[in-house]
Amino acid sequence: RSISPDLPRSPPICGTFEMRSRLPLRARSAVHETYGAKGNAQLLNSYGFALVANFEPDRSSNDVRPLPLPAPRGDSLIYQPPSNALLRIGPKCYSYPPLAAALDAFRAAAAGASSSVGASSRAGRRPGLSARLALEEEALRRLAAALDAELKGYSLSEESALAALGGRAPPL
């Protein structure tokens, strides 16, 4: 006998998990569920657990950490909502693009705050090397401060962090 996906719903029982199928299933057939590539927030919300080392085989992480980016300069006529760079651990193809976008946003914020760069660009001249280096240094300083502020709540010891990154259970 087969089980139809159109059976009426029974009242939920506390502590149970209900799975539904879009296709008919044979009675007593095995049903497999994959959690797929989900971050710990999704796993905790949907299934009630989280993983210490939540990494894919390519060593990428499904967990992202939103880093708030500085607001665009106030002299823009176009409204641009505040945005985030979604930082994640993993291969360069996953981790570099959001970090580069964050650095670009901090460069723009530093350029808007810099009187020498602003004066040069308004005069139609390209800022000199020392002004560009100072701008880059300021952008990196702002990005580092934002990363420090965003990550200060993490309390993993270095030993626990290395264990998690290596796929081992952290020491208790």
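Start with R88 and Y94: the charged end of R88 sits over the ring of Y94, 4.6 Å from the ring's centre. Keep in mind that what you're looking at is a predicted model. R88 also turns up in another spot, on the contact list of N62, so let's go there next.

N62 belongs to the loop that runs between α1 (40-47) and β3 (65-68). Is N62 buried or exposed? Its relative accessible area is 16%, and the cut-off for buried is under 20%, so N62 counts as buried. What does its side chain do in there? It makes a polar contact with the side chain of E56, at 2.6 Å. If you skip the neighbours within four places in sequence, the residues in contact with N62 are A37, K38, G39, N54, E56 and R88.

Now step back and take in the whole chain. You can count 5 helices and 4 strands, and if you read along the sequence they come in the pattern β-β-α-β-β-α-α-α-α. The chain has 172 residues, and buried ones make up 18% of them. The accessible surface comes to about 13,100 Å², with 58% of that belonging to carbon and sulfur atoms. As for how the chain meets itself, take the contacts between residues at least 6 apart in sequence: 49% of these join residues at least 24 apart.

Next, the inside. In soluble globular proteins, nonpolar side chains tend to be buried together. Here the largest nonpolar core has 13 residues, and the ones with the most contacts inside it are L67, L69, A85, A102, F106, A139 and L143. Which elements give two or more residues to this core? They are β4 (84-87), α2 and α4 (129-151). Of the elements, α2 gives the most, with 5 residues.

L67 is a good residue to click on if you want to explore this core. Leaving out the neighbours within four places in sequence, L67 is in contact with S83, N84, A85, L87, A102, L143, A146, L147 and E150.

Two names from that list, L87 and L143, come back when you look at L99: they are its contacts once neighbours within four places in sequence are set aside. L99 lies in helix α2, which spans residues 92-113. With a relative accessible area of 34%, L99 is partly exposed. You can also trace from L99 to L86: these two are 13 residues apart along the chain, and their C-alpha atoms are separated by 8.2 Å.

How many aromatic pairs does a search of the whole structure find? The answer is 1. The partners are Y47 and F49, and the pair is tilted, with 6.4 Å centre to centre and 35° between the planes. Y47 is partly exposed, at a relative accessible area of 24%, and F49 also counts as partly exposed, at 26%.

One last stop is R28, in the loop between β2 (25-26) and α1. Most residues other than glycine have a negative phi. R28 goes the other way: its phi is near 65°, a positive value. Why does R28 count as exposed? Its relative accessible area is 84%, and exposed means over 50%, so R28 clears that cut-off.

Notes:
Residues are numbered from 1 along each chain as its sequence is written. This is a predicted model: local features need pLDDT of at least 70, side-chain atom pairs count only at pLDDT 80 or more; totals for chains, interfaces and linings use all residues. Side-chain values use heavy atoms; hydrogens and water are left out. Buried means under 20% relative accessible area, exposed over 50%, partly exposed in between (1.4 Å probe, protein chains only). A polar contact is a pair of N or O atoms within 3.5 Å; within protein, one must be able to donate a hydrogen and the other to accept it, and residues adjacent in sequence count only if both atoms are side-chain atoms. Contact means heavy atoms within 4.5 Å. A nonpolar core is a set of buried Ala, Val, Leu, Ile, Met, Phe, Trp, Tyr and Cys residues joined through side-chain atoms within 4.5 Å. Rings of Phe, Tyr and Trp (its six-membered ring) pair if their centres lie within 6.5 Å; planes under 30 degrees apart count as stacked, over 60 as edge-to-face and the rest as tilted. A charge sits over a ring if NZ of Lys or CZ of Arg is within 6 Å of the ring centre and within 35 degrees of the ring normal. Accessible areas come from the Shrake-Rupley method with a 1.4 Å probe; for residues, only the protein chains shown count as cover.
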